[in-house]
Amino acid sequence: LAEKNVPIDLMFQSIAGTQLANEGFGISLDLLQEGYEATLSLKRGTIGQNVMYFETGQGSALSSNAHHGVDQQTLETRAYAVARKYNPLLVNTVVGFIGPEYLFNGKQIIRAGLEDHFCGKLLGVPMGCDICYTNHADADQNDMDVLLTLFGAAGINFIMGIPGSDDVMLNYQTTSFHDALYLRQLLGLKPAPEFSAWLEQQGIFKQQNSQICWADHMPDQFSRLLMN
């Protein structure tokens with residue numbers, strides 16, 4: 001696509017912490033480098049040239065029998081080292097996607113999420129989390145709310161927002177857009193400056209400290225879309 005000058009802003013790839021596990025994803029470090037350089041060549045960045053988006057998750061190497069006897073957390077951290085090589089914009093641990101065979105219940109998912117966040121911070125990658133669990137895990141949305149709040153207190157960079165908290169493509173439960181609003185109001189946080197300016201420009205809401213001031217009517221551009 002890049003060779004055809006298709007406008008690519010982010011190159012996405014799931015990665016793991018061993019060569020064998022990455023081969024299971026159909027990739028190698030050489031292939032990641034090729035994708036990185038191809039996306040950079042388009043020179044679409046305006047503020048920076050961070051063009052890579054990686055997803056990770058504890059248990060991916062174990063589930064593909066590519067762990068070599070090493071524990072899940074160590075291999076997860078190795079994946080962050082892979083990500084760091086390519087100056088990513090986003091690194092996202094999809095913490096509960098792996099299912100109860102690897103993270104059995106809500107407590108284990110919460111622990112794994114905080115481990116991932118801590119190790120991502122240590123390695124200096126722009127770490128976020130898809131706070132999620134599969135439908136057959138011993139977990140529920142209360143566990144996700146606990147982890148969400150802990151992440152906010154720990155300085156998470158971003159979370160996922162999926163309509164209705166229901167990822168129908170991958171069949172797991174996650175967080176929705178209103179969860180980010182809850183966290184900002186609870187902890188007095190604000191959106192990223194560029195996003196905050198866009199929200200205000202579009203007439204969606206203004207935020208002063210933890211107080212969100214909603215518009216008194218739906219923005220015109222949204223009304224037009226809904227009426228068509």
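Here are four short exercises on a predicted model, each with a worked solution.

**Exercise 1. The nonpolar patch**

Find the residues that make the nonpolar surface patch of about 620 Å², and say which helix gives the most to this patch.

*Solution.*
Step 1. List the members. They are Phe195, Trp198, Met218, Phe222, Leu225 and Leu226.
Step 2. Look for elements that give two or more residues. These are α8 (193-201) and α9 (220-227).
Step 3. Pick the top contributor. Helix α9 gives the most, with 3 residues.
Step 4. Check one member. Leu226 sits in helix α9. Its relative accessibility is 62%. Exposed means over 50%, so Leu226 counts as exposed.

**Exercise 2. Cysteines and disulfides**

Decide how many disulfides the model has, then examine Cys119 and Cys129.

*Solution.*
Step 1. Recall the cut-off. A disulfide needs two cysteine sulfur atoms within 2.5 Å.
Step 2. Test Cys119. The nearest cysteine sulfur belongs to Cys129 and is 13 Å away, so Cys119 is in no disulfide.
Step 3. Test Cys129. Its nearest cysteine sulfur is that of Cys132, at 6.8 Å. Cys129 is in no disulfide either.
Step 4. Give the count. The model has 0 disulfides by this rule.
Step 5. Add the accessibility. Buried means under 20% relative accessible area. Cys119 has 14%, so Cys119 is buried. Cys129 has 0%, so Cys129 is buried too.

**Exercise 3. The surroundings of Gln173**

Place Gln173 in its element, then state whether this residue is buried or exposed and what its side chain touches.

*Solution.*
Step 1. Find the element. Gln173 belongs to strand β7, which covers residues 172-173.
Step 2. Classify the residue. Its relative accessibility is 16%, so Gln173 counts as buried.
Step 3. Look for a polar partner. The side chain of Gln173 makes a polar contact with the side chain of Asp166, at 3.3 Å.
Step 4. Collect the other contacts. Leave aside neighbours within four places in sequence. Gln173 then contacts Ile131, Cys132, Tyr133, Asn135, Gln141, Ser165 and Asp166.

**Exercise 4. Pro193 in helix α8**

Locate Pro193, classify its accessibility and give its C-alpha separation from Ser176.

*Solution.*
Step 1. Locate the residue. Pro193 is part of helix α8.
Step 2. Classify the residue. Its relative accessibility is 63%, so Pro193 counts as exposed.
Step 3. Read the separation. Pro193 and Ser176 are 17 residues apart along the chain. Their C-alpha atoms are 21 Å apart.

Methods
Residues numbered from 1 in each chain as written. Predicted model: local features only at pLDDT ≥ 70, side-chain atom pairs only at ≥ 80, totals over all residues. Heavy atoms only, no water. Patch = residues over 30% accessible without salt bridge, like charges linked within 9 Å, V, L, I, M, F, W, Y side chains within 5 Å. Areas by Shrake-Rupley, 256 points an atom, 1.4 Å probe, with all protein chains shown as cover. Salt bridge = Lys/Arg side-chain N within 4 Å of Asp/Glu carboxyl O. Helix = DSSP H or I, 4+ residues; strand = E, 2+ residues; numbered from the N terminus. Buried < 20%, exposed > 50% of the residue type's maximum accessible area, 1.4 Å probe, protein only. Polar contact = N/O pair within 3.5 Å; in protein donor to acceptor, adjacent residues only side chain to side chain. Contact = heavy atoms within 4.5 Å.
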